[in-house]
Amino acid sequence: MTKQALPTKTLPVVHLRVPTHEDAFVWHRLFDDPDVMEFHGGKSAELSVYEELTARQRRHDAELGFCFWTMLDADGEPIGFTGAQPWPNDWGPKGQIEIGWRLGRAAWGKGYATAAAQATLERVRAAGVRDVVAMVDARNARSVAVTRRLGMQLARTLTTPVGKVEALQFGLTL
């Protein structure tokens, strides 16, 4: 009896673009959902948070060649963000490049996060980055699964200073 290979899931087409000022409004709308924000503070952020975040990402792109990009589906519709940035906090993996993703609820479970994170790894590798981390709330099984699909390894477990939540730091050498 011959073993047959199991079919592999084909990842969807995603496009990444540097976020525009208008994307602050798009991100605010996409993420204004308690389910989306469950592992990101638990409540919706103010529009000003996304205005600052998109502006910071444009600076990162100009200075580093990578950022958190707006993620678009095959039809060009925004569905979230993904990308990389220097770790922005005083705790955790200071000085390291963090990859991350966040999708609007309608885009969950379709492979977008994995496809976009793979594209992120290619782009940061091309920009000369040799190691990345991903910080994931330990309760977020979907994001933990994405790190595993990327080949990331658990490096350490931390407790966040705000909220005292268990966070998992995954790492990957590119």
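# Reading the calls in this model

Q: Where does Lys164 lie?
A: Lys164 lies in the loop between strand 6 (153–159) and strand 7. Keep in mind that this is a predicted model.

Q: Why does Lys164 count as exposed?
A: Its relative accessibility is 63%, and exposed means over 50%, so Lys164 counts as exposed. Lys164 also has a positive phi of about 50 degrees, although it is not a glycine.

Q: What elements make up the chain, and in what order do they run?
A: There are four helices and seven strands. Starting at the N terminus, they run β-α-α-β-β-β-α-β-α-β-β.

Q: How do you know that the radius of gyration agrees with a compact globule?
A: For 174 residues, a compact globule would come out near 16 Å, and the chain has 16 Å, so the two agree. The C-alpha atoms fill a box of roughly 60 × 40 × 35 Å along the principal axes, and 45% of the 174 residues count as buried.

Q: What share of the contacts between residues at least 6 apart in sequence join residues at least 24 apart?
A: That share is 62%.

Q: What makes a group of residues a nonpolar core, and which ones in the largest core touch the most other members?
A: The members must be buried nonpolar residues joined through side-chain atoms within 4.5 Å. The largest core has 32 of them, and Met71, Ile99, Trp101, Val132, Leu150 and Met152 touch the most other members. Several elements supply at least two residues each, among them strand 2 (68–72), strand 4 (97–103) and helix 4 (141–149). Helix 3 gives the largest share, eight residues. There's a second, separate core too: eleven residues, including Trp27, Met37, Leu53 and Phe68.

Q: Which residues does Met71 touch, leaving out those up to four places away in sequence?
A: Its contacts include Val14, Leu16, Ile79, Phe81, Leu103, Tyr112 and Ala116.

Q: What makes Asp23 and Arg17 a salt bridge?
A: The cut-off is 4 Å from a side-chain nitrogen to a carboxyl oxygen. Here N to O is 2.5 Å, so the pair qualifies. A search of the whole structure finds three such bridges.

Q: Are Asp23 and Arg17 buried, partly exposed or exposed?
A: Buried means under 20%. Asp23 has just 1%, so Asp23 is buried, whereas Arg17, at 30%, counts as partly exposed.

Q: How do you know that Arg56 and Glu52 sit about one turn of a helix apart?
A: Both lie in helix 2 (residues 47–64), four residues apart. An α-helix has 3.6 residues a turn, so residues three or four places apart point the same way. The closest N and O atoms of Arg56 and Glu52 are 2.9 Å apart, which is within 4 Å, so this pair is a salt bridge as well.

Q: How far apart are N and O in the bridge between Arg139 and Asp137, and is each residue buried or exposed?
A: The distance is 2.6 Å. Arg139 has 54%, so Arg139 is exposed, while Asp137 has 12% and is buried.

Q: Why is the pair of Trp87 and Trp91 called edge-to-face?
A: Their ring centres are 5.3 Å apart and their planes stand at 85 degrees. Centres within 6.5 Å make a pair and planes over 60 degrees apart make it edge-to-face, so the name fits. Trp87 counts as buried at 10%, and Trp91 counts as partly exposed at 24%.

Q: What makes the pair of Phe31 and Tyr50 tilted?
A: This is one of five aromatic pairs in the structure. The planes of Phe31 and Tyr50 are 50 degrees apart, with 5.9 Å centre to centre. Stacked needs under 30 degrees and edge-to-face over 60, so 50 degrees is tilted. Phe31 lies in the loop between helix 1 (21–30) and helix 2, and Tyr50 in helix 2, so the pair ties together parts that are 19 residues apart in sequence. Both residues are buried.

Q: Which residues do ring pairs link into a cluster?
A: The cluster holds Trp27, Phe31, Tyr50, Phe68 and Phe81.

Q: How do you know that the charged end of Arg102 sits over a ring?
A: One test is a distance within 6 Å of the ring centre, and the charged end of Arg102 is 5.2 Å from the centre of the Phe31 ring. Arg123 sits over Trp69 in the same manner, 4.7 Å from the ring centre.

Methods: Residues numbered from 1 in each chain as written. Predicted model: local features only at pLDDT ≥ 70, side-chain atom pairs only at ≥ 80, totals over all residues. Heavy atoms only, no water. Buried < 20%, exposed > 50% of the residue type's maximum accessible area, 1.4 Å probe, protein only. Contact = heavy atoms within 4.5 Å. Phe/Tyr/Trp six-rings, centres within 6.5 Å; stacked < 30°, edge-to-face > 60°. Lys NZ or Arg CZ within 6 Å of the ring centre and 35° of its normal. Rg over C-alpha atoms; globule rule 2.2 N^0.38 Å.
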